[in-house]
Amino acid sequence: MEARPGKVRERTCIGCRKRCSPADLLRMTVSGGLVLPDPAHRAPGRGAHLHPVAECLDLAVRRKAFPRAFRAQGPLDVTALRDYVAQRDRQVQEAVPMAANRPSAAV
């Protein structure tokens, strides 16, 4: 049962500022000054959302969006998040060439 029937859940990416479904965004939390990915959307604490692509991550870092989103003082370490996004990008790029090698149905 939904908490609010008829209301569509949306979150804003802190990088590109576009609104999307939470399923399309990666939730992040802060622990000890580290920004940690929370793909299961279960970690306690204040969360922020980001498209799991390098472009949005770079935009968020350049705009200094992480301290604002988490209401934290000072800079935050995004190394673990950057590693997660890079690994996810590699997985996506490995899956794409397989689909591209298939012959088209309209021959």
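## Starting point

Helices here are DSSP runs of at least four residues, numbered from the N terminus. With that in hand, Arg63 is easy to place: this residue is found in the loop between H1 and helix H2 (65-70). Please keep in mind as you read that this is a predicted model.

## A patch of positive charge

Arg63 has company. Arg17, Arg62, Arg63 and Arg68 gather on the surface in a patch of positive charge. Arg63 counts as partly exposed because its relative accessibility is 32%.

## Salt bridges

How many salt bridges does a search of the whole structure find? The search turns up three, and we can take them one by one.

Let us begin with Arg19 and Glu10, whose side chains meet in a salt bridge at 3.2 Å, N to O. Glu10 has a relative accessibility of 35%, so this residue counts as partly exposed.

Next come Arg27 and Asp38, with side chains joined in a salt bridge at 2.6 Å, N to O. This pair links distant parts of the chain, 11 residues apart: Arg27 lies in strand E3 (residues 26-31), and Asp38 sits in the loop between strand E4 (34-37) and strand E5 (48-50). Are these two partners buried or exposed? Arg27 counts as buried because its relative accessibility is 11%, and Asp38 is buried too, with a relative accessible area of 6%.

The remaining salt bridge is formed by the side chains of Arg82 and Asp58, at 3.0 Å, N to O. Here as well, distant parts of the chain are linked: Arg82 belongs to helix H3 (residues 79-100) and Asp58 to helix H1 (residues 54-62), 24 residues apart. Arg82, at 35% relative accessibility, counts as partly exposed. Asp58 is also partly exposed, its relative accessible area being 37%.

## Cysteines without disulfides

If you are wondering about the cysteines, how many disulfides does the structure hold? The number is zero. Why is Cys16 not bonded to the closest cysteine sulfur? That sulfur belongs to Cys13 and is 3.7 Å from the sulfur of Cys16, which is too far for a bond, because a disulfide needs a pair of cysteine sulfur atoms within 2.5 Å.

Cys56 is likewise in no disulfide; the nearest cysteine sulfur, that of Cys16, is 3.8 Å away. As for their surroundings, Cys16 counts as partly exposed at 25% relative accessibility, whereas Cys56 counts as buried at 8%.

Note on methods: Residues numbered from 1 in each chain as written. Predicted model: local features only at pLDDT ≥ 70, side-chain atom pairs only at ≥ 80, totals over all residues. Heavy atoms only, no water. Salt bridge = Lys/Arg side-chain N within 4 Å of Asp/Glu carboxyl O. Buried < 20%, exposed > 50% of the residue type's maximum accessible area, 1.4 Å probe, protein only. Helix = DSSP H or I, 4+ residues; strand = E, 2+ residues; numbered from the N terminus. Patch = residues over 30% accessible without salt bridge, like charges linked within 9 Å, V, L, I, M, F, W, Y side chains within 5 Å. Areas by Shrake-Rupley, 256 points an atom, 1.4 Å probe, with all protein chains shown as cover. Lys, Arg positive; Asp, Glu negative; His and termini not counted. Charge placed at Lys NZ, Arg CZ, Asp CG, Glu CD.
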